[in-house]
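Hi,

Here is the structure I promised to pass on. Have a look at it first, and then read my notes underneath.

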Amino acid sequence: MTSYFIQAFIYLVAAVIAVPLAKRFGLGSVLGYLIAGTVIGPVIGLVGEETTTIQHFAEFGVVMMLFLVGLELEPRMLWGMRNRLLGLGGLQVGLTAAIVMGIALGFNQPWSIALAIGLIFSLSSTAIVLQTFNEKGLTKTEGGQNAFSVLLFQDIAVIPMLAFIPLLALPELIAQAQQAVHTAADHHEELSLVAGLPGWAYGLVITASIAAVVVGGHFLSRPLFKFVAGSGLREIFTATALMLVVGIAALMSLVGLSPALGTFIAGVMLANSEFRHELESNIEPFKGLLLGLFFITVGAGIRFDVLFGEFFTIIGLTLAVIALKAAVLFVLALIFRIKGSNRWLFTLSLAQAGEFGFVLLSFSTQNHVLPAEIVQTLSLVVALSMFLTPGLFILFDKVILPRYERQSNQREEDVIEEKGTVIIAGIGRFGQIVNRVLVANGVKTVVLDHQADQVDNLRRINTQAYFGDATRPDLLHTAGVEEAAMVVVAIDNQEASVELVKYLKHSFPKVKVLARAFDRGHGYQLRQAGADVIESETYHSALELGAAAMREFGQHPFLVEQQKNAFKRAEDAQSDELYAAWNDESEGSERYDNNYVKLFMALEERIKQAMAFDRSDGHSMAERSWTPPPKGYADQFSEDDPSSKES
């Protein structure tokens, strides 16, 4: 028992140190885990042969990850992916396997070994790619969606590969390990529901197992989770979620299917469940820890003796595999018209071998398809290609993506063909809402933004926008600023927004300028520049969320509205004094001197007093809309409505 505690402590210490450092240096958590495993394994030797055993356990993190991915996909969305799933994924697996097999044949390998190697290298790392997509927010991009289609097809393709690989067994290898064959066969029969079944029976068992997961997930899971949730015990709900995932994984293993595929199907069946978010929150910590453990074991499993013994061969093979897969993926991206930076994201994200490669290598060894010496070399190639994957994402982030953004923004500015009552400078998350409100009320707007991608996205949803720098006077002139009633300044650059407000108020004093402030200090700068109306981008939403929190505490909505208005009045009353304290002769951080701090503390005290004030004596006009209806109001409606009398 003591040794288990020590081993667990070593793994945790390595992760706690390496992962935050990797994140701080912009390398991502996956590379952090891999480095942690390499350090405690082959570098300083704190962990050893038990790594392989732990890796089998840690692979359950991949199973959990597929379950969570399934929860995000409704069946209708999955059906919509069928063309990319079969076309893109099928071509990627088929082409990669065929080319790798051809190269292996060129090195005088038997066709069975060449085909097995081709199948192993056709798979990519679902764990690394999806984890990185989630961290970087790339899941919803075109490149991310297409990569996910390929990964999903690969996970499904593992099933026929596991069924096919034993047919490639070499007779001489079987003879060399006959005793091991019997042992493995006995073990397999003991844990299998399909061992020894004829083909038609095997098919029926597979179909029945999939049907059980689909029907159970759709009809039985909801009553089960309702029953468990009724107990009010969070740990039992967590246990139920784990029971579901573990049970499905066990069933799939017993019938010879991929546990990851089974849990993925279950996740899709639960995608519309009201318990989806609760399931996600319960499974997510286990998934994260097990995936991290899996990556550590991959790093710890690198055998430096074999690596240094065949250094140039293994490095050359690793780079060749990445280059070959990238070439195949790039051609497919062209065929399926994946454009721009998404084409490179799709290409680079899937260019590595994957964790299922270890599974197939182990399975190939057990079934005497691949000799042990080849397996050692191929295992290192798979591990190193996974190790280099974070570097490919860094290449995409630091080199390729900025280049496409520059190219996109370097196109010629649009010719503005209309003039509007309101000019909106900046159509990001803030400016879009302003524009939608105005357009919905029939106000003519002219929208300008310097991000070409953002303009193109708006045009896809039939929102007219123009690519151009709204801080340029000639562009504002073309947009008709002289005739406009107002300009809404919602650009992201704080300094540029202040300069734009100064220019507008100086050159077009009759034009109203409404500006978005990032925070209190930016709001003061905009006020100093002359903006007529300033709204903080977070103030009102934070106020509403605070009110919602009070309602969740059980306070009456009417009282919450009163307190919210009291808070806002106290803020407004102190606003001028705070601005005057900020707007003295000081510069930079000195503007927030002791005088300003004292005023701010006085504001906090005033807010507390406003909150404590007994306001049961009446309501202000601002709160009139929250006043409960007078007695008999509802009865009056009932009397006027004949239908209500009939009812």
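Let me start with one pair of residues: Leu514 stands opposite Val533 in S6. Before I go further, please keep in mind that this is a predicted model.

That pair sits where two neighbouring strands meet. Strand S5 (residues 512-517) and S6 run parallel, and four bridges join them. They belong to an open sheet of six strands with parallel pairing, and its order is S3-S2-S1-S4-S5-S6. Which are the edge strands? They are strand S3 (466-467) and strand S6 (533-536), each of which pairs on one side only. As a reminder, strands of a sheet pair through backbone hydrogen bonds, either parallel or antiparallel.

Two helices go with this sheet. Helix H24 (residues 494-507) lies across strand S1 (422-425), strand S4 (486-489) and S5, and runs at about 170 degrees to S4. Helix H25 (residues 520-529) packs on the sheet too, touching S5 and S6, and its direction makes about 165 degrees with that of S5.

Strand S5 turns up again in the salt bridges. The count for the model comes to nine salt bridges. One of them is between Asp492 and Arg516, with the closest N and O atoms 3.2 Å apart. Asp492 lies in the loop between S4 and H24 while Arg516 is in strand S5, so this pair ties together parts that are 24 residues apart in sequence.

Now for some helix pairs elsewhere in the chain. Two of them share helix H15, so to speak, and I'll take those together.

The axes of helix H4 (residues 60-71) and H15 come within 8 Å and cross at roughly 150 degrees. Angles over 145 degrees count as roughly antiparallel, which makes H4 roughly antiparallel to H15. The crossing of H4 and H15 is left-handed. On the H4 side the contact is made by Phe60, Gly61, Val62, Met64, Met65, Phe67, Leu68 and Leu71. H15 brings in Arg276, Leu279, Glu280, Ile283, Glu284, Phe286, Lys287, Leu290 and Leu291. Sorted by class, the residues of the contact of H4 with H15 are 12 nonpolar, one polar and four charged.

The other partner is helix H8 (residues 126-136). Its axis and that of helix H15 (residues 276-300) come within 11 Å and cross at roughly 130 degrees. That makes H8 oblique to H15, and H8 passes H15 in a left-handed crossing. From H8, the contact uses Ala127, Ile128 and Gln131, and from H15 it uses Lys287, Leu291 and Phe295. By class, the contact of H8 with H15 has four nonpolar, one polar and one charged residues.

The last pair is helix H13 (residues 234-254) with helix H14 (residues 259-269). They pack at an angle of about 135 degrees, and their axes are 8 Å apart. H13 is therefore oblique to H14, and the crossing of H13 and H14 is right-handed. Which residues make the contact? Val245, Ile248, Ala249, Met252 and Ser253 do so on H13, and Pro259, Gly262, Thr263 and Ala266 on H14. In the contact of H13 with H14 there are six nonpolar, three polar and no charged residues.

If you open the model, Leu514 and Val533 are a handy place to start, since I began there too.

Cheers

Conventions:
Residues are numbered from 1 along each chain as its sequence is written. This is a predicted model: local features need pLDDT of at least 70, side-chain atom pairs count only at pLDDT 80 or more; totals for chains, interfaces and linings use all residues. Side-chain values use heavy atoms; hydrogens and water are left out. Axes are lines fitted to C-alpha atoms, for helices over the stretch in contact, and angles run from 0 to 180 degrees between N-to-C directions. Angles under 35 degrees count as roughly parallel, over 145 as roughly antiparallel, 65 to 115 as roughly perpendicular and the rest as oblique. A crossing is left-handed if the near helix is turned anticlockwise from the far one by less than a right angle, and right-handed if clockwise. Contact means heavy atoms within 4.5 Å. Ala, Val, Leu, Ile, Met, Phe, Trp, Tyr, Cys and Pro count as nonpolar, Asp, Glu, Lys and Arg as charged, and the others, Gly among them, as polar. Two strands pair if DSSP finds at least two bridges between them. A salt bridge is a side-chain nitrogen of Lys or Arg within 4 Å of a carboxyl oxygen of Asp or Glu.
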